[in-house]
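Thank you for making time for this on the agenda. Please have a look at the model on the screen, and then I will go through it one region at a time.

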Amino acid sequence: MIKSAHVLSQSLSVRVRTGGSSTRDAIAATTPLVMQSFLTWLTACPVDGETHCERVGSYYVRVACTQLTCGILLSLAGFYISSFFGVALYILGILLTTAALGLFQVGVFHYCSHKTVFRSLSANIVLGRLVSSLCFLPDFDHYQLKHMRHHSYKVLLTDEDEFTEFVVDRCGLRPGLSKGRLWVRVLLAIFSPCFHVRFIIARLSLTTSNLQTKRGRVVAAAWSCALMIAYLVGVFGYFAACILVPLSVIFQITIILRTLCEHHVPKDPEVCNRSKDFSNQATRAVFAGTAPPLQTLQGIRKIFSWVIWWFCMLTVHLLFRIVVLVGDAARHDLHHARPGSRDWPNYMRDRYPLHQDRNYPVAAETWGAFATIDACLTSISISKQLPVG
Ligand SMILES: [Zn+2]
Ligand SMILES: [Zn+2]
């Protein structure tokens, strides 16, 4: 009975629940009806009454595998076309590979730790360990323990929390620094070769932290063999360009950006009075895009504004959605509200913000990468403490 209901749910279409974003409503009111499905996918925010196709966790495993295969093939194809088109193909390929790695991290590895990708416990563990080994993510068993603590409202944003460790210890984003200095530190992290070398070494050591166990030794041996074979058959350059480059520097840049979209520091009184609502106060919905031009604009200003808006939507925001806002990363608030739910692949069905604008720099939802990260840095800058006690 349960199994048949589960299978049925894979092909079920439902209506999006009401409530939600005035920005998305404004986009829907001023853009063609035929574009709404695409804009819903692009923004990660649906419109009231829109048809929603129900998904299960394995859907994202298939998407990530397909993206990874296409990304590697496209970037390889770029080497065989000696023109600008070849360079464009290579860039497109490594971006798609990076998107796949992000989806493996957010939609597969992370949800395997919650045991919600498959119904089988062992399938979640096996896949989680495999993704950890292939993507240089932390050892799955260690990560699972640590991530469950991240979901405790008593641990979130303390010095034991994974978000705090990354933001403060790895990126050097400390409370009390001006927002400008925090932005400089983010940009230094993104563009600094030293940062990326330190980061990849830390990732490798976390992946193989169990070298004394059989699994850790198998991971290290498998990667050593792959690198050696690629070198011996003369394809190490392609291997490095099409797999190691996205797996290291570009993936790490997206990890920085995505992490800064996940949380912010709540107002100090909320920090002091930790309650079960604390996770809600430290998260919000993040959507790709911006509000459309004002309807009061006329003539050339109206045309110019719309051209700029569509250009930004189809470049900056599209890139943000594909490589940073992967899987259900747009609704980290929803994930913290129901961390063990198997319904996470349907994050776009539940569109309404979980809490209202609290007249604080970070509202219940933010739109666009810059506004989201800026809000996170503002909250760190004005907070008195991070880690918070
Ligand atoms: Zn979180
Ligand atoms: Zn989680």
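Leaving aside its neighbours within four places in sequence, with which residues is Pro-339 in contact? I should say at the outset that this is a predicted model, and everything I describe is to be taken in that light. The residues that Pro-339 touches, once its neighbours within four places in sequence are set aside, are His-114 and His-151. Pro-339 itself sits in the loop that runs between α16, residues 332-337, and β4, residues 365-367. Its partner His-114 is 225 residues away along the chain, and yet the two C-alpha atoms are separated by 7.3 Å. As for its surroundings, Pro-339 counts as partly exposed because it has 17 C-beta neighbours inside 10 Å, where 20 or more would be needed for a residue to be called buried.

Let me step back to the whole chain for a moment. The protein chain has 17 helices and four strands, and of its 389 residues, 37% are buried. If we take the contacts with a separation of 6 or more, 70% of them are accounted for by residues 24 or more positions apart.

I will take the helices in order, beginning with α2, which covers residues 22-30 and in which Arg-24, Ile-27 and Ala-28 are buried. Why do these three lie on the same side of α2? They do so because the arc they cover around the axis is only 95°. The general background is that an α-helix has 3.6 residues a turn, so residues three or four places apart point the same way. The buried residues of α2 pack against α3, residues 36-43, whereas the face turned away from that buried side carries Ser-22 and Ala-29, which are exposed.

Next comes α6, residues 121-135, whose 15 residues reach 21 Å from the first C-alpha to the last, close to the 21 Å expected at 1.5 Å a residue. The buried residues in α6 are Asn-124, Leu-127, Gly-128, Val-131, Ser-132, Ser-133 and Cys-135, and what covers them includes α5 (84-113), α7 (140-150), α10 (193-207) and α11 (214-232). Directly after α6 comes Phe-136, which has a positive phi, near 55°.

That brings me to two other backbone angles that I would ask you to look at on the screen. Lys-115, in the loop between α5 and α6, has a positive phi near 65°, although it is a residue other than glycine. Leu-157 is likewise not a glycine and has a positive phi of about 75°, and its place is in the loop between α7 and α8, the latter being residues 162-170. Is each of these two residues buried or partly exposed? Lys-115 is partly exposed, because 18 other C-beta atoms lie within 10 Å, while Leu-157 is buried, because 27 other C-beta atoms lie within 10 Å.

Now for a pair of helices that cross. The axes of α12, residues 236-262, and α17, residues 369-382, come within 8 Å and cross at roughly 65°, and the crossing is left-handed. On the α12 side, Leu-257, Leu-260 and Cys-261 take part, and they meet Ala-369, Thr-372, Ile-373 and Cys-376 in α17. By residue type, this contact divides into six nonpolar, one polar and no charged.

Staying with α12, I would also point out Ser-248, which is found in that helix and which, leaving aside its neighbours within four places in sequence, is in contact with His-196 and Ile-200. Ser-248 and Arg-203 are 45 residues apart in sequence, and their C-alpha atoms are 9.4 Å apart in space. Ser-248 counts as partly exposed because it has 18 C-beta neighbours inside 10 Å.

The last residue on my list is Val-388, in the segment after α17. Val-388 is buried because 22 other C-beta atoms lie within 10 Å. From C-alpha to C-alpha, Val-388 and Val-265 are 8.6 Å apart in space, with their positions 123 residues apart in sequence.

That is the end of my tour, and I am happy to go back to any of these regions on the screen.

Terms used:
Residues are numbered from 1 along each chain as its sequence is written. Chains are lettered from A and ligands numbered from 1 in the order in which they are written. This is a predicted model: local features need pLDDT of at least 70, side-chain atom pairs count only at pLDDT 80 or more; totals for chains, interfaces and linings use all residues. A residue is buried if 20 or more other C-beta atoms lie within 10 Å of its own, exposed if 12 or fewer, and partly exposed in between; C-beta atoms are placed from the backbone. The arc is that of the directions from the helix axis to the C-beta atoms. Two residues are in contact if their C-beta atoms, placed from the backbone, lie within 7 Å. The expected span of a helix is 1.5 Å times one less than its number of residues. Axes are lines fitted to C-alpha atoms, for helices over the stretch in contact, and angles run from 0 to 180 degrees between N-to-C directions. A crossing is left-handed if the near helix is turned anticlockwise from the far one by less than a right angle, and right-handed if clockwise. Ala, Val, Leu, Ile, Met, Phe, Trp, Tyr, Cys and Pro count as nonpolar, Asp, Glu, Lys and Arg as charged, and the others, Gly among them, as polar.
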